[in-house]
Amino acid sequence: MEKQIWIAITFIAFLLSFTIVGIYSATQKQNTTTDYLLASRNVNPWLTALSAMATGQSGYLFIGVIGFTYKVGFSSIWIPVAWAIGDYIAWWLVFKRLRLVSQQTNSDTVSSFLGQENLEQKNQGRLITIISALIIIAFLGTYASAQLVAASKGLNAIFGWNYQLGVIIGAVIVVAYCFSGGIRASIWTDSVQAVLMIGSLWVLFIISLIACGGFGELWVKLNAIDPTLTNWIPANLPWGFFPYFLGWVVAGLGAVGQPHILVRAMAIDSADNIALARNIKFVCGQMNSATAFGIGLTARVLLPDLITSGDPELALPNLSIELLPAVLVGLMLAGLFSAAISTADSQILSCSAALSQDLVESAAQSYRKAKIATLVVTAIVLAIALGADNSVFGLVIFSWSVLACGLGPLLVLRVWQKPVSVPVAIIMMIIGIVVSMLWKLGLNLSSATYEVFPGMAAGFIVYGIANFLIQPKNFSKE
């Protein structure tokens, strides 16, 4: 009981420190929608990088990736490696121009950037804006619900609270962050949480590796449990390794369809600082991926019963309780919780922007209505989380793929200022989503290559057909 008290004290102390950062950020805010949604496009590159890393990795890393590694062993390494390659390419080819073009087009949200209504004749881009906003609210909202589930899993494992209570606590904290200073509060708190994520993962990885007897003993013990755990190549790949790996590279490239990450690039203080932010994010992100991978492997050795009588996605909190003193368990729980919340608040802000700025025209440029939209979206996300499947890995992978396929190809074309007619843009979004869902749910081919690959490819193919076959001369804004 005494240990539980010290865990709670440490956990609460870290949460209060994050809250103080969020409240302090409010001293820098301006009561405008641009400031609420993009922090007046004046965010330091270090803060951009750390917050993008935190919001991108999130509870998915602490819960989903560690749980997946626990189940499959060494072969899980290719997902974070391939993902990082694709993500780096996205930041290299797209994000600098996104910062420039979004300001040139006066776009404060991802949907308004995709619609570019101010550039379309007779406001025809409005339909693109509406459809993309609906996609964002539906699927980014599902993504955010996965973060609340991840946060609640940590509270359940350590304090024994039921999932519903943990989800509700997470939602309340998200609203507090969002209301304190909009995207600025989100970015500032995300950056502090990113440092905590890095530190907490390293602490648990080193201690758990020592408990296993070092790298050599870890390998021997994993091989004794199940020889497939030490295979570097995943088993039973329908089309072989290369299509599998390529699918996850394109998954990383799917960052171009994730509004909560895109707004970081739109909010940075200068397009010239994108390269610095990209490199910082890459290094920090790879450190986190490496330690999460290691924790998943050591947990399989130290907590073998989770595979049959528990939840592998609870490997991190259970391992923390097993190995760490109370204060460090509180640190790990705060790291897990903050990773989840740092993503959820960013996603809810992106959804509320889609609702207040893009769907409801009368609410556009209204600071008060933007906050009301945040409450509405949080309620929707809370409802999804309370009724959702408890697999964080599954929820995140599904939502990421739909957003990447639905929004990614059109965003790339907008960034490179290629002409796209309204009908073609809409067909690109719909076909991308349909193909990704069909690939996963209908054809069941996600194990061969991740559905982002065929889904995004389908969007670009639609554009290519329209450009070269249907409208070779008049392919322009209508």
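What share of contacts in the chain between residues at least 6 apart in sequence join residues at least 24 apart? I looked this up first and got 83%. I note here that the model is predicted.

**Overall form**

I went through the secondary structure of the chain and found 18 helices and 0 strands. I then took the box filled by the C-alpha atoms along the principal axes, and it comes to roughly 65 × 55 × 40 Å. The radius of gyration of the chain is 22 Å, which agrees with the value near 23 Å for a compact globule, because the chain has 478 residues. I also checked burial: 60% of the 478 residues count as buried.

**Nonpolar core**

I looked next at the largest nonpolar core, which has 155 residues. The members that touch the most other members are Phe95, Leu148, Trp248, Leu316 and Leu411. Helix H14, residues 326-359, gives the largest share of this core, with 18 residues. I kept one general point beside this entry: nonpolar side chains tend to be buried together in soluble globular proteins.

I picked Phe95 for a closer look and left aside its neighbours within four places in sequence. What remains in contact with Phe95 is Ala90, Ala255, Val256, Ile261, Leu262, Ala265 and Ile274.

**H17 against H18**

I turned to helix H17 (residues 422-442) and helix H18 (residues 452-470). Their axes come within 7 Å and cross at roughly 150 degrees. The crossing of H17 past H18 is right-handed. From H17, I listed Val424, Ile427, Met428, Ile431, Gly432, Val435, Ser436 and Trp439 as making the contact. From H18, I listed Pro454, Gly455, Ala458, Gly459, Val462, Tyr463 and Ala466. Sorted by class, this contact holds 11 nonpolar and 4 polar residues, with no charged residues.

**Positive phi**

I ended with two residues in loops. Asn236 is a residue other than glycine with a positive phi, near 60 degrees. I located Asn236 in the loop between helix H8 (215-225) and helix H9 (241-253). Is Asn236 buried or exposed? Its relative accessible area is 76%, so Asn236 is exposed.

Gln417 also has a positive phi, near 55 degrees, and is a residue other than glycine. I found Gln417 in the loop between helix H16 (392-415) and H17. The relative accessibility of Gln417 is 48%, so I entered Gln417 as partly exposed.

Key
Residues numbered from 1 in each chain as written. Predicted model: local features only at pLDDT ≥ 70, side-chain atom pairs only at ≥ 80, totals over all residues. Heavy atoms only, no water. Core = buried A, V, L, I, M, F, W, Y, C linked by side-chain atoms within 4.5 Å. Buried < 20%, exposed > 50% of the residue type's maximum accessible area, 1.4 Å probe, protein only. Helix = DSSP H or I, 4+ residues; strand = E, 2+ residues; numbered from the N terminus. Contact = heavy atoms within 4.5 Å. Axes fitted to C-alpha atoms, helices over the stretch in contact; angles between N-to-C directions. Left-handed = near helix turned anticlockwise from the far one by under 90°. Nonpolar A, V, L, I, M, F, W, Y, C, P; charged D, E, K, R; others polar. Rg over C-alpha atoms; globule rule 2.2 N^0.38 Å.
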